[in-house]
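Hi,

Here is the structure I promised to pass on. Have a look at it first, and then read my notes below.

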Amino acid sequence: MIKTGGEFEQFIKRQNLSPGSEKRLTENSSRILQRTELLDGESSSNCQLVVGEVQSGKTMSFTALIAMAHENGFPLVIVLAGTKLQLLSQTRDRLRKDLRADGDGGANPWVLTEKLTKGTRKENVQKVQDVLKIWLEKDAPKTFKSTVVITSLKNRDSLDEIVHLIDGLKSRFDLNNFPVLIIDDEGDQAGLNLKWRDDEESPVYAAINRMRNSLSRHSYVMYTATPQGPLLIGIQDALSPKYVTLLKSGEDY
């Protein structure tokens with residue numbers, strides 16, 4: 001049974017949607033989260049595609065998905081926010097605002113990271129380690145269990161920094177204990193294999209595979225308004241989606 005209270009419920013209320021749109025957003029979020037195949041201790045490393053019209057609420061959808069993931073035991077979310085620093089900043093700022101990640105003086109359910117860099121590797125590992133330790137404490141109140149949201153550029157260096165972080169955590173935890181949600185905003189851009197004709201891997205595609213291979217339990221959710229690329233790649237491709245979810249535009253579109 002997917003939990004829809006707590007942070008998810010509060011996020012939904014703040015959107016001031018019509019009843020129909022609120023119901024549709026909740027149903028879509030539940031469907032995508034169920035399709036991660038990671039609930040109740042399940043293990044998967046699947047790929048999903050979420051298709052929505054331009055300006056149809058894709059960002060709201062994946063923010064709602066993040067909030068629902070938090071309520072259902074996901075301590076780590078990775079958001080790939082395009083290839084430009086400006087878009088990365090816009091996405092991080094919107095997540096911070098929409099999730100109210102700056103907190104209200106009480107226990108904060110969110111820990112948002114800045115851009116991962118070589119110079120902050122030790123600090124980043126310590127920050128995420130402190131969060132995960134609480135998730136492993138059976139008697140810890142739910143309100144003390146925060147979800148780390150890592151926003152990252154979709155390029156080789158940034159993706160490899162995530163791998164360094166994960167490798168640093170593996171020396172301290174069995175990461176199989178933790179389901180991880182990976183959201184690829186504009187999943188048709190930059191990440192697909194541009195060298196498939198040469199039987200090689202393009203740099204960003206290879207970096208995405210390295211990141212995914214470092215995580216045993218995860219779902220890679222690609223959001224896009226132009227799904228032709230992800231839908232037409234070979235069924236054996238690492239980014240071939242197992243599930244496709246259509247975001248239907250409601251009266252608020």
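Let me start with two rings: Phe62 is buried, and Tyr223 is buried as well. Before going further, please keep in mind that this is a predicted model.

Those two residues form an edge-to-face aromatic pair, with 5.5 Å from centre to centre and 70° between the planes. Phe62 belongs to helix H3 (residues 58-71) and Tyr223 to strand E6, so the pair ties together parts that are 161 residues apart in sequence. How many aromatic pairs are there by this rule? The count comes to two. The other one to look up is Phe173 with Phe178: the ring centres are 6.0 Å apart and the planes stand at 80°, so this pair is edge-to-face. Phe173 and Phe178 are both buried.

Now the strands. In a regular strand, side chains alternate between the two faces of the sheet. You can follow this along E5, where Val180, Ile182 and Asp184 point one way while Leu181, Ile183 and Asp185 point the other way, and all of them are buried. Strand E5 covers residues 180-185, and six of its six residues are buried, so it is largely enclosed by the rest of the structure.

What does E5 pair with? Five bridges join it to strand E2 (residues 76-80), and the two run parallel. Within that pairing, Ile183 in E5 stands opposite Val79. E5 also pairs with E6, again in the parallel sense, over six bridges. Here Val180 has His218 in E6 as its bridge partner.

Strand E6 (residues 218-224) leads on to E1, since these two pair in the parallel sense over seven bridges. If you want a spot to zoom in on, try Cys47, which stands opposite Tyr220 in E6. E1 is joined to E7 too, by five bridges, and those strands run parallel. Val50 has Thr245 in E7 as its bridge partner. Is E1 itself open or enclosed? Seven of the eight residues of E1 (residues 45-52) are buried, so the strand is largely enclosed by the rest of the structure.

Cys47 turns up again around Ser240, a residue in the loop between helix H8 (228-232) and E7. Not counting residues up to four places away in sequence, Ser240 touches Cys47, Ile233, Gly234 and Ile235. Ser240 has a relative accessible area of 14% and is buried.

For a residue with even less accessible area to look at, go to Met211 in helix H7 (residues 203-213). Met211 is buried, with a relative accessible area of 0%. What is it in contact with, leaving aside neighbours within four places in sequence? The list is Ile78, Leu80, Leu159, Ile162, Val163, Ile166, Ile182 and Tyr220. Take Ile166 from that list: it is 45 residues from Met211 in sequence, but their C-alpha atoms are 8.5 Å apart in space.

Last, the surface. Leu231, Leu232 and Val244 form a nonpolar patch there, with about 310 Å² of accessible area together. Val244 sits in strand E7 (residues 243-247). Its relative accessible area is 41%, so Val244 counts as partly exposed.

That's it from me. Enjoy looking around!

Note on methods: Residues numbered from 1 in each chain as written. Heavy atoms only, no water. Patch = residues over 30% accessible without salt bridge, like charges linked within 9 Å, V, L, I, M, F, W, Y side chains within 5 Å. Areas by Shrake-Rupley, 256 points an atom, 1.4 Å probe, with all protein chains shown as cover. Salt bridge = Lys/Arg side-chain N within 4 Å of Asp/Glu carboxyl O. Helix = DSSP H or I, 4+ residues; strand = E, 2+ residues; numbered from the N terminus. Buried < 20%, exposed > 50% of the residue type's maximum accessible area, 1.4 Å probe, protein only. Pairing = 2+ DSSP bridges. Contact = heavy atoms within 4.5 Å. Phe/Tyr/Trp six-rings, centres within 6.5 Å; stacked < 30°, edge-to-face > 60°.
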